[in-house]
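Reader: I am new to this structure and would like a close look at a single part of it, namely the way its side chains pair with one another. Please explain each term as you come to it.

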Amino acid sequence: MQLTSNSQCGPRTAITNPRQRHVPGEAGIWVFIFGDLALFAYLFMLYLHYRTGDPALFARSQRHLNIDLGVVYTLLLLTSSLFAVLAMQLIRSGNGRRAACFVLAAMACGVAFVGVKVVEYYTKAHSGITPNTNNFYLFYYVLTGLHLTHVVVGLGVLAFTWTLARRAPNLSPLRLSLAEGSACFWHMVDLVWLVIFPVLYLLR
């Protein structure tokens with residue numbers, strides 16, 4: 001009997017380990033995420049190339065950016081990602097009502113990010129600072145504008161996640177995987193900002 005029990009323990013351990021190494025989301029979402037990251041990486045390298053060519057212009061223009069606002073953006077997205085993590089934990093545990101609340105909290109942080117960014121754009125445009133001002137502001141508007149587009153798309157993705165969260169614990173494996181992929185996309189948006197902020201606002 002002991003031999004039979006031990007032989008059963010072996011396969012159970014082997015089955016458990018792959019679950020522990022589970023990659024969240026569908027393969028397609030990761031292809032999209034890595035493609036997006038590659039695009040931003042190319043833009044960052046292009047920015048650094050132009051900055052090296054005219055460091056005085058870039059440093060002078062950079063001083064007009066509001067670092068405090070950059071910190072606010074960072075805190076909003078980090079907090080939003082934390083809410084998304086908590087929401088996914090609750091979805092997996094079957095607590096759909098609380099999970100939906102955390103998804104809404106994540107969306108609220110995202111909406112606040114968009115609102116503050118639009119006000120910042122308006123203020124700069126009102127001051128005569130546009131993408132045509134110089135190369136630094138061209139990159140500033142391209143990088144932050146592309147990221148802002150991803151935030152808006154991410155809010156739509158989170159809205160979809162909210163509809164899935166409300167159905168927990170009655171989610172099929174596919175729908176659970178879609179919820180995980182949505183959270184991964186939102187974390188990618190956060191990650192990109194964590195590079196944009198120091199590169200545009202802090203790099204000297």
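Author: Rings of Phe, Tyr and Trp (for Trp, the six-membered ring) are taken as a pair if their centres lie within 6.5 Å, and such a pair is called stacked when the planes are under 30 degrees apart, edge-to-face when they are over 60 degrees apart, and tilted for the rest. By this rule there are 20 aromatic pairs. The model is a predicted one, in which local features need pLDDT of at least 70 and side-chain atom pairs count only at pLDDT 80 or more, while totals for chains, interfaces and linings use all residues. Residues are numbered from 1 along each chain as its sequence is written, and side-chain values use heavy atoms, with hydrogens and water left out.

One of the aromatic pairs joins Tyr73 and Trp193, whose rings meet edge-to-face at 5.4 Å centre to centre, with 85 degrees between the planes. Because Tyr73 belongs to helix H4 and Trp193 to helix H7, this pair ties together parts that are 120 residues apart in sequence; helices here are DSSP runs of H or I with at least four residues, strands are runs of E with at least two, and both are numbered from the N terminus. Both Tyr73 and Trp193 are buried, a word that stands for under 20% relative accessible area, with exposed meaning over 50% and partly exposed what lies in between (1.4 Å probe, protein chains only). Trp193 also pairs with Phe197, and here the rings are stacked, at 6.3 Å centre to centre and 15 degrees between the planes. Trp193 and Phe197 both sit in helix H7, four residues apart, which is about one turn of the helix, and Phe197 is buried, as Trp193 is. Elsewhere, one aromatic cluster is formed by nine residues in the list Tyr47, Tyr50, Phe58, Tyr121, Phe136, Tyr137, Phe139, Tyr140 and Tyr141.

Charged side chains form pairs of another kind. Side chains of opposite charge can pair when their charged atoms come close. A salt bridge is counted where a side-chain nitrogen of Lys or Arg lies within 4 Å of a carboxyl oxygen of Asp or Glu, and the count comes to three. In one of these, Glu180 bridges to Arg92, with the closest N and O atoms 3.2 Å apart. This pair links distant parts of the chain, since Glu180 is in helix H7 (residues 173-202) and Arg92 in helix H4, 88 residues apart. Glu180 counts as buried because its relative accessibility is 5%, whereas Arg92, at 47%, counts as partly exposed.

Helix H5 (residues 96-126) holds both Lys117 and Glu120, three residues apart, or about one turn of the helix. Their salt bridge has its closest N and O atoms 3.0 Å apart, and both residues are buried. Glu120 forms a salt bridge with Lys124 as well, at 3.3 Å between the closest N and O atoms, and these two also lie in helix H5, four residues apart. Through salt bridges that share partners, Lys117, Glu120 and Lys124 are joined into one network.

As for confidence, pLDDT is the predictor's confidence in each residue, from 0 to 100. Its mean over the chain is 86, and 87% of the residues reach 70 or more.
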